[in-house]
Amino acid sequence: MPRKGMKSLCFSPSNSPSFRQSMSPSRTSLSSTPRRGLSESMIEQTIDAAATIIMKWDAETSAYARVTSLFYESKREAMQFIRSVNELQKIMHLLVSDQDSGSEKLIQAQHLMQIAMKRLQKEFYQILSINRAHLDPESVSTRSSRTSTRSSLSDYDYDGSPDHEIRAVGDSISEVEEVSSMAMSDLKSIADCMIASGYAKECIHVYKIIRKSIIDEGIYKLGIEKTSSSQINKMEWDVLDLKIKDWLEAVKISMRTLFTGERILCNHVFASSDSIKESCFAEISKEGAKLLFGFPELVAKTKKSPPEKMFRVLDMYTAISEYWQEIETIFSFESTSAVRLQALNSLVRLSESVLSLLTDFESTIQKDSCKEMIPGGNVHYLTINSMNYLTLLADYSNILTEIISDWPPPAKSSLPDSFFDSPNSDKSPAPAITVRIAWLILVLLCKLDGKAKHYKDLSVSYLFLANNLQHVISRVRTSNLQYILGEEWIAKHEGKVSLFAANYERLAWGDVFASLPENPTASMTPGEAKECFRKFNSSFEESYWKQISCIVPDSKLREEIKVSIGRKLVAVYQEFYDTHKSTVGDERSVRLFVRFYPEDVGNYLSDLFFGTVSSGSSSTSSSTSSHRRHKQSPLRS
């Protein structure tokens, strides 16, 4: 603020609320005395009274004043000092208005004022310095949250109140809060007096130096340092990841205590001037706040794009979004608009980064060129990694909804028409996040369809598709994806799993089913029965050895496939065996043509889909012990 503006404050009674409140009722107030009715003796008396206390605390002439703090020595005397300065300032105002600017009294008053301001500036500095720990933002913000339960110390009239009575107001709060309250009250009294006397510049200078160092130190201790884009790009991801974690913690502490407490303190100390408290807070906090909120923008622009980056970007976006109300409130001044703008720019850059990373994720799936066949038709690593990514994304559904709400829907031309259901015009459009997540899964399924074609055995390719789609559905059901995609999506894809499993069953076990007659109890000649048993033995053994290496990791799907095969095979073979065992001929013929007991078939089926070769009919029931003695396993390895 220009010096001329400060002088206008000096001679404006309306800008000195502490002067009016601190006047003793027992003394004659200068403000209530007609300006031209003041006698020379009253002016001299006021100047002499001011000189007595001001010169007592002049560090230039008093050794006692050099080593003693006015406000810590006697609060009552400190308040008397403030009142004397206010009255002296009023006398100076009257002398100037009477065009007596060259009088000895005015010169004396000006000299005393300079000494008083120097003393108050020193006291202001000492209170700020000594009480750094008690005026830390956390203590200030804590005190502020409780002010509604007690009176502010600045409302007390110190006249006639012993020091122990003044301090009694702190009995209901902790010692730290009491010291903090006392210090804030003293700072406000000094600031009011210096501003009203035209020495705002000196007061502000001291305040800014000390308080800015506290904010800067706090920001540094929270791990926030000035960093360039090139430095960010050169960092290893693990290092950058740690910095992002530090930032996430820093923004919480900064918004809850650091900037909140500083704004409260600044508003309190400079309550008498809106322009001063604005300029003070802006200069103290702006640099640190811009540094804090500028970091996410640098991260968003970095060229590094490991999968983990998406979730750190979303964490930072979430943090700024959650504290946006506080950001707008704390940095509401026009002079701190740069902070709000920086926070907003970071939000924009972070949202752009999210969209870019989603595009990269889709591209990564589409460009996966690995032709390696997963043994046994097991779940592909691409499916596992993609669903891990999507389930984590689903935890940020609220933020993602906000980010992608205006993002154009994906172009269907990049996938075959067969992957899309016929449109239902009766249904309202799905939310943007539902469309986007469903699309990404569709891209994955399309890629898996291509990978399934690499299997030479068509049945295994269908098992591969069933396994992978079942994994997708399982991850959807056990994550927030279920709320994004909905039950209808899940039910539709469960139907596709059943279809894939049915195709696998038909291709893998169709020859075994066909080896048995439609009517297993129909009469046959011995030759027909022998041929039927021979075909069953051959087809079952061949299918078993092909399918024993297959894997179905999902227990539910594994049991469903086994039950379905068993229902079509074991029961029918049991009937055929019971009916035509004797048709084959004597015991020797039975041993020759009937290689599998019905329970053998069930036991071998139970060994399927674990990806390991059976050790034989070790689990066969005891009724087949004689058969096992003849041949330990009916399967030829």
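Accessible areas here come from the Shrake-Rupley method with a 1.4 Å probe. With that in hand, welcome to the close-up views of this predicted model.

**Figure 1. The whole chain is a helical one, with 27 helices and zero strands.** Let us start with an overview before zooming in. The accessible surface of the chain comes to about 30600 Å², and carbon and sulfur atoms account for 52% of that surface. Of the 637 residues in the chain, 50% are buried. If you look at contacts between residues at least 6 apart in sequence, 80% of these contacts join residues at least 24 apart.

**Figure 2. Helix α14 packs against helix α17.** Two packed helices are described by the angle between their axes and the distance between the axes. Here α14 covers residues 274-301 and α17 covers residues 337-367. Their axes are 8 Å apart and make an angle of about 15°. Angles under 35 degrees count as roughly parallel, so α14 is roughly parallel to α17. The crossing of α14 past α17 is left-handed. On the α14 side, the contact is made by Lys286, Ala289, Lys290, Phe293, Gly294, Pro296, Glu297, Ala300 and Lys301. On the α17 side, the partners are Ala338, Val339, Gln342, Ala343, Asn345, Ser346, Arg349, Leu350 and Ser353. Sorted by class, the residues of this contact between α14 and α17 are eight nonpolar, five polar and five charged.

**Figure 3. Lys301 of helix α14 is partly exposed.** This view stays with α14, where Lys301 is found. How exposed is Lys301? Its relative accessible area is 47%, and since exposed means over 50% and buried means under 20%, Lys301 counts as partly exposed. Lys301 is one of the residues that α14 brings to its contact with α17. Find Glu352 as well: Lys301 and Glu352 are 51 residues apart in sequence, while their C-alpha atoms are 9.3 Å apart in space.

**Figure 4. Helix α17 also meets helix α19, at roughly 95°.** Helix α19 spans residues 397-404. The axes of α17 and α19 come within 10 Å. Since angles of 65 to 115 degrees count as roughly perpendicular, that is how α17 and α19 are described. From α17, the contact takes in Ser351, Val354, Leu355 and Leu358, and from α19 it takes in Leu400, Ile403 and Ile404. By class, the contact of α17 with α19 holds six nonpolar residues, one polar residue and no charged ones.

**Figure 5. Met310 is a buried residue of helix α15.** Helix α15 runs over residues 307-322. Is Met310 buried or exposed? The relative accessibility of Met310 is 0%, and because buried means under 20%, Met310 counts as buried. Setting aside residues up to four places away in sequence, Met310 touches Val354, Leu357, Leu358, Tyr389 and Leu393. Among these neighbours, Leu357 is 47 residues from Met310 in sequence, yet the two C-alpha atoms are 6.5 Å apart in space. Val354 and Leu358 may look familiar: they also take part in the contact of α17 with α19.

**Figure 6. Helices α3 and α7 cross at roughly 25°.** In this view, α3 is made of residues 40-56 and α7 of residues 104-130. Their axes come within 10 Å, and the angle makes α3 and α7 roughly parallel to each other. The crossing of α3 past α7 is left-handed. To trace the contact, look on α3 for Glu40, Ile43, Glu44, Ile47, Asp48, Ala51, Ile54 and Met55. Opposite them on α7 are Lys105, Gln108, Leu112, Ile115 and Ala116. The contact of α3 with α7 has eight nonpolar, one polar and four charged residues.

**Figure 7. Leu70 is buried in helix α5.** Helix α5 covers residues 70-73. The relative accessible area of Leu70 is 0%. Leaving out neighbours within four places in sequence, Leu70 is in contact with Trp57, Glu77, Ala78, Phe81, Arg119 and Glu123. Lys122 is 52 residues from Leu70 in sequence, with 9.8 Å between their C-alpha atoms.

**Figure 8. Phe609 has a positive phi value.** Where does Phe609 lie? Look in the loop between α26 (598-606) and α27 (625-630). Phi of Phe609 is near 70°, a positive value in a residue other than glycine. Phe609 is also buried, with a relative accessible area of 1%.

Technical notes:
Residues numbered from 1 in each chain as written. Predicted model: local features only at pLDDT ≥ 70, side-chain atom pairs only at ≥ 80, totals over all residues. Heavy atoms only, no water. Helix = DSSP H or I, 4+ residues; strand = E, 2+ residues; numbered from the N terminus. Buried < 20%, exposed > 50% of the residue type's maximum accessible area, 1.4 Å probe, protein only. Contact = heavy atoms within 4.5 Å. Axes fitted to C-alpha atoms, helices over the stretch in contact; angles between N-to-C directions. Parallel < 35°, antiparallel > 145°, perpendicular 65-115°, else oblique. Left-handed = near helix turned anticlockwise from the far one by under 90°. Nonpolar A, V, L, I, M, F, W, Y, C, P; charged D, E, K, R; others polar.
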